[in-house]
Amino acid sequence: MTDHDHPSGRRSAGRRRRCAALVAAGVLLPLPALAGCSSDDREVSAEASQDIAPAPRGELKDGGTLRWAVDAMPGTFNAFQADADATTARITGAVLPSMFTVDANGTAQRNADYLDAADVSARDPKQVVTYKINPKARWSDGKPITAADFIAQWTALRGKDNAFWTARNAGYDRIGKVEQGAGAHEVKVTFARPYADWRSLFTPLYPQSVMGSPDAFNDGARERLPVGAGPFLVQKRDADEGRVVLVRNPSWWGARAKLQKIVLQALPAEKRAAALADGSIDVAAVDQSAAKRVEAAGKRDAGNAGPRPGRAAGSGTKAAAGTTALRRYVIHKALEPAYTQLALNGSSGPLADDRVRRAVARAIDRQALADTVLKPLDLPSKPLGSHLLMAGQPGYEDHSDALGDQDADAAKALLADAGWKPDGAGHQQAGEKAGAPAPGGWLGTRDYGDEDEDERTDGRDDGYGDEGGYDPDADGAADGRNPGRPVPAQGAAPAKGDHGKGARPAAAEAPLSFTGAVGSEVQQAALLRQSAAFYKDAAATEKDDADGDTGSGAYAKYKRYKKRAAQALSAAERIETGQAPDLPGSGGHPGPRHAAVPRPYDAPLAAVSPAGDKAARVPAVKKDGKPLTLRFVLPDGAASQQLRTVGSRIAAMLAKIGVQTSLQRVSDASYFQDHVAAGDYDLALYSWPGTAYPATDARPIYAKPQPAPDGSLTVEQNYTRVGTDHIDQLFDQAASELDEDAARTLVEQADARIWAAAGSIPLYQRPELVATKKSLANVGAFGFATPRFQDIGYQK
């Protein structure tokens with residue numbers, strides 16, 4: 001955003017101060033280039049942040065059943081295990097304590113149902129947080145919630161005991177001790193290292209019976225959750241029917257739940273339109289096609305629902321019945337707290353040169369892409385200006401000017417500086433280091449300040465790990481999400497051979513996961529396959545340690561890991577084939593039909609020649625006689641049509657600066673696991689969720705890849721393989737900074753440097769579309785907000 005784009009023609013003093021703070025930190029560029037580092041235009045209308053048909057509790061009926069479509073049956077009820085998923089998050093939000101929830105603006109708020117107070121009570125010599133538990137708070141078995149539950153959860157998640165198969169320990173590893181305070185309802189948490197995101201901890205909180213022992217943690221809460229402390233409890237998990245039934249908690253001390261029952265029904269995205277048409281579901285996140293059908297039905301006058309002129313009575317009865325059913329629904333729209341990005345793989349090839357990455361980025365009209373996706377939905381179509389915060393979140397600033405506005409001429413100049421020229425005569429200048437910034441090539445001469453040359457990602461290891469991950473971007477196919485808590489895992493594989501005797505399975509050694517919205521079925525299947533690989537590797541290690549002794553503890557672990565591997569693989573295969581996933585305890589688990597191994601091509605490459613865009617037909621840039629061609633990998637599924645549309649528009653934009661793209665369409669099942677996570681792409685589109693805790697949750701996404709002992713590259717969730725030591729340092733400082741303003745400035749500095757590195761280019765916040773029965777209130781497109789399950793109900 002430039003000055004002339006702003007309605008007032010000038011920036012506020014607050015914006016100038018924030019820019020000055022970035023410059024004072026030596027973060028990026030000369031002052032003129034930083035002019036647009038923040039924008040009052042970041043404000044998005046309140047209507048776009050949430051749409052849930054709010055209604056006072058007094059206007060709602062008492063009782064009733066809500067049938068809620070979810071992507072899949074839960075992989076586990078334990079939110080801190082590797083295969084926790086979106087349904088796990090939905091369930092734990094309804095049945096377990098959350099010390100802090102997230103509001104519609106993406107800000108953490110104390111949950112008064114469980115806490116009377118929670119504050120940093122001391123900073124020196126150690127940070128101490130004191131929790132005062134609501135004396136009414138108790139588990140459904142009658143036991144009060146006490147410090148013993150906090151102590152057990154910290155002990156399980158702190159990462160000191162390998163017997164607990166945890167997927168993450170972010171924050172818990174910084175705690176020095178947890179103890180009872182002045183009374184039975186007071187808990188004191190003393191940190192060994194300061195932790196700014198302390199509000200993220202102990203959400204969800206499990207009872208001591210789950211966290212108190214490795215066996216209970218690893219297996220006890222996977223398929224059963226007999227004890228809870230929320231407005232609802234888990235009544236049953238029916239794998240045959242693909243549903244989990246929650247019932248009103250009779251021991252709940254807070255506002256009584258309006259609904260008697262919530263049925264979470266596993267229902268693939270492509271089947272939801274039919275389920276709405278036959279009225280068998282009450283709430284479902286839908287794609288744009290289904291949303292249009294619902295909206296079209298709602299616009300028709302019910303009085304004109306009879307046979308059309310010229311059509312025999314009774315013809316089209318089934319279609320008419322479907323249309324009548326759709327009239328009972330309404331579509332809720334909001335900007336989802338997740339953004340779609342263009343990822344540029346900086347590990348090797350032309351994009352290892354940061355000038356080429358910046359050229360690609362500056363050729364893209366992000367506003368046009370946002371308009372393509374959001375304008376048809378009547379949602380604000382501002383391009384997202386931050387990697388770490390969503391528009392409207394406190395602290396959101398647009399730092400895209402750290403990279404520069406769209407400018408085809410500037411992009412061509414960057415390519416020329418890197419040796420890519422239209423006449424193909426470009427050669428590397430004598431003494432010029434590949435990937436180094438060229439004079440005048442990036443908004444003028446860049447002062448790297450304290451950034452070492454080896455931080456510029458100009459040379460990357462070609463070896464790829466077999467990292468797992470998930471893609472929250474089937475663009476409309478993913479279920480509605482609660483981005484506040486709990487924690488799914490998407491870890492990278494540890495170094496091969498790094499399994500000492502007695503070590504926990506490799507899944508537990510994965511880097512800390514992103515705390516936020518779990519992705520679509522495609523990514524969930526990829527995550528399950530990765531978990532299967534982790535467990536298979538761990539099983540092989542334990543089998544070797546057992547050395548044939550079937551009575552040893554190692555052999556018992558081998559059997560357990562082997563079973564988990566088969567279960568995870570079976571669940572992944574069932575998702576990929578459109579079935580309700582077969583989960584632990586649900587019956588047989590057939591062996592794998594095929595291995596999800598990286599492969600170079602799933603479909604023929606096709607050079608892009610944008611139809612009807614004569615301006616795009618410019619000479620291809622070449623270097624040493626070879627044209628600059630980037631392989632753009634996109635998913636092939638029906639739910640990914642919007643991604644492919646966006647990808648085609650990006651290809652046309654790149655053609656205007658002489659960059660050729662080869663579009664490779666691959667199956668949804670292989671897209672994320674075999675291509676994005678494996679590094680088998682040049683360009684790709686996928687999404688990341690927003691978070692109330694960016695210093696903790698976003699760090700693995702942008703951490704500088706590190707070489708592993710076996711020669712592979714450990715990338716955590718940084719699938720672009722682009723990062724710097726300084727970005728890592730800024731995240732670490734922000735996570736330890738207890739002054740909220742100072743922490744916010746550090747996050748801003750990290751975001752500005754991420755923009756400058758040009759590994760990922762945020763395009764737009766994704767739309768969130770949720771169909772609900774018109775008679776329902778307090779449910780729909782939640783945005784950032786944690787659902788208040790007790791307030792959901794039917795209108796009187």
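**Exercise 1. State what share of the protein chain is buried, and describe the chain as a whole.**

Solution. Of the 796 residues of the protein chain, 60% count as buried, where buried means under 20% relative accessible area, exposed over 50%, and partly exposed in between, with a 1.4 Å probe and protein chains only. The model is a predicted one, in which local features need pLDDT of at least 70 and side-chain atom pairs count only at pLDDT 80 or more, while totals for chains, interfaces and linings use all residues. Residues are numbered from 1 along each chain as its sequence is written, and side-chain values use heavy atoms, with hydrogens and water left out.

Next comes the surface. The accessible surface of the protein chain is about 29300 Å², and 50% of this belongs to carbon and sulfur atoms; such areas come from the Shrake-Rupley method with a 1.4 Å probe, and for residues only the protein chains shown count as cover.

The last step concerns secondary structure and contacts. The chain holds 19 helices and 23 strands, which are DSSP runs numbered from the N terminus (helices H or I, at least four residues; strands E, at least two). A contact means heavy atoms within 4.5 Å. Among contacts between residues at least 6 apart in sequence, 75% join residues at least 24 apart.

**Exercise 2. Identify the residues that touch the most other members of the largest nonpolar core.**

Solution. A nonpolar core is a set of buried Ala, Val, Leu, Ile, Met, Phe, Trp, Tyr and Cys residues joined through side-chain atoms within 4.5 Å. The largest one has 172 residues, and Phe202 and Leu342 touch the most other members. Strand β12 (residues 329-344) gives the most to this core, with 8 residues. Apart from this core lies another, of 7 residues, including Trp165 and Tyr535. In general, nonpolar side chains tend to be buried together in soluble globular proteins.

Leaving aside residues up to four places away in sequence, the contacts of Phe202 include Pro97, Met99, Tyr131 and Trp154. Ile175 and Val189 are also among the residues that Phe202 touches.

**Exercise 3. Describe how β6 and β7 are joined, and locate His185.**

Solution. Begin with the pairing. Strand β6 (residues 175-180) runs antiparallel to strand β7 (residues 186-191), with 5 bridges between them; two strands pair if DSSP finds at least two bridges between them. Gln180 has Val187 in β7 as its bridge partner. The connection is a hairpin through 5 residues.

Then consider the loop between β6 and β7, where His185 lies. His185 is partly exposed, with a relative accessible area of 31%. Not counting residues up to four places away in sequence, His185 touches Tyr131, Lys132, Ile133 and Pro135.

**Exercise 4. Explain why the buried residues of α11 lie on the same side of the helix.**

Solution. First list them: in helix α11 (residues 408-417), Ala411, Leu414 and Leu415 are buried. They lie on the same side of α11 because they cover an arc of only 100 degrees around the axis, the arc being that of the directions from the helix axis to the C-beta atoms. Helix α9 (354-363) is part of what covers them.

Now turn to the ends. At the N-terminal end, Asp407 caps α11, with a side-chain oxygen 3.0 Å from the backbone nitrogen of Asp409. This is a polar contact, that is, a pair of N or O atoms within 3.5 Å; within protein, one must be able to donate a hydrogen and the other to accept it, and residues adjacent in sequence count only if both atoms are side-chain atoms. After α11 comes Gly419, with a positive phi near 95 degrees.

**Exercise 5. Locate the cis peptide bonds at Pro125 and Pro204, and the positive phi of Ala758.**

Solution. Most residues other than glycine have a negative phi, and most peptide bonds are trans. Asp124 and Pro125 are joined by a cis peptide bond with omega about 0 degrees, and Pro125 is in the loop between β4 (115-122) and β5 (128-133). A cis peptide bond also joins Thr203 and Pro204, with omega about -5 degrees. Pro204 is found in the loop between β7 and α4 (208-211).

Finally, Ala758 has a positive phi near 55 degrees and lies in the loop between α19 and β21. Its relative accessibility is 0%, so Ala758 counts as buried.
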